[in-house]
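Me: I would like to understand how the descriptive words used for a protein structure are justified. Could you take me through them with the structure below?

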Amino acid sequence: QVQLAETGGGLVQAGGSLRLSCAASGRTSSIYAMGWFRQAPGEEREFVADMLVRSGTGTNYADSVKGRFAISRDNAKNVVYLQMNSLKPEDTAVYYCAARPYGKKYDSWGQGTQVTVSS
């Protein structure tokens with residue numbers, strides 16, 4: 001099994017920045033890709049960004065965050081980051097880290113971290 005723990009959420013003013021971290025533990029050798037998802041109140045969980053963790057390639061972003069958010073990883077530490085710049089109030093949500101093995105859907109999830117952007 002893979003365990004994921006997010007940190008770095010908080011309250012920030014519009015236009016500000018935050019960096020989220022996701023530390024993976026357990027069977028990390030089984031991880032093929034990691035990503036970030038978010039869920040706003042009353043909304044369904046949505047994709048934000050993901051990447052292939054071994055090569056660092058294959059990054060994907062939701063259209064709503066392209067040019068503002070950047071996903072990266074530190075394989076030595078088994079950590080994936082989400083740098084969020086130019087934050088908007090509509091970015092307010094609980095952000096979840098997720099991991100998946102090769103050829104499968106995301107099946108490991110963190111507990112989530114709250115990001116609140118004030119106007």
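Reply: What follows is a set of questions and answers that set values against definitions.

Reply: Please keep in mind that this is a predicted model, in which local features need pLDDT of at least 70 and side-chain atom pairs count only at pLDDT 80 or more, while totals for chains, interfaces and linings use all residues. Residues are numbered from 1 along each chain as its sequence is written, and side-chain values use heavy atoms, with hydrogens and water left out.

Me: What makes up the chain, in terms of helices and strands?

Reply: The chain has zero helices and eleven strands, where helices (H or I, at least four residues) and strands (E, at least two) are DSSP runs, numbered from the N terminus.

Me: Why is the chain called as compact as a globular protein of that length?

Reply: The radius of gyration, taken over C-alpha atoms, is set against the globule rule, which is 2.2 Å times the number of residues to the power 0.38. For 119 residues that rule gives 14 Å, and the chain has 13 Å, which is close, so the description holds. Along its principal axes, the C-alpha trace spans about 40 × 25 × 25 Å.

Me: How do you know which strands stand at the edges of the sheet of four strands?

Reply: The order in this open sheet is E1-E3-E8-E7, with antiparallel pairing. Strand E1 (2–7) and strand E7 (69–74) each have a single partner strand, so one side of each is left without a neighbour in the sheet, and that places them at the edges.

Me: What makes E1 and E3 a pair?

Reply: Two strands pair if DSSP finds at least two bridges between them, and six bridges join E1 to E3, which run antiparallel. One example is Ala 5, whose bridge partner in E3 is Ala 23. Six bridges also join E3 to E8, and Leu 20 stands opposite Leu 82 in E8. E7 and E8 pair over six bridges as well, in the antiparallel sense, with Phe 69 opposite Met 84 in E8. These two strands, E7 and E8, form a hairpin with four residues between them, and Asn 78 in the turn has a positive phi of about 55°.

Me: How do you know that Cys 22 and Cys 97 form a disulfide?

Reply: A disulfide is a pair of cysteine sulfur atoms within 2.5 Å, and the sulfur atoms of Cys 22 and Cys 97 are 2.0 Å apart, so the pair meets the definition. The pair links distant parts of the chain, with Cys 22 in strand E3 and Cys 97 in strand E9 (residues 93–100), 75 residues apart. A search of the whole structure finds one disulfide, and the angle of -80° about the S-S bond makes this link left-handed.

Me: Why is Tyr 32 called partly exposed?

Reply: Buried means under 20% relative accessible area, exposed means over 50%, and partly exposed lies in between (1.4 Å probe, protein chains only). Tyr 32 has 29% relative accessibility, so Tyr 32 counts as partly exposed. Both Cys 22 and Cys 97, by contrast, are buried.

Me: What makes strand E8 mostly covered?

Reply: Five of the six residues of strand E8 (residues 79–84) are buried. In the chain, 41% of the 119 residues count as buried.

Me: Which residues does Tyr 32 touch, not counting residues up to four places away in sequence?

Reply: Contact means heavy atoms within 4.5 Å, and Tyr 32 touches Met 51, Leu 52, Val 53, Arg 100, Pro 101 and Tyr 102. Tyr 32 itself lies in the loop between strand E3 (18–26) and strand E4 (33–39).
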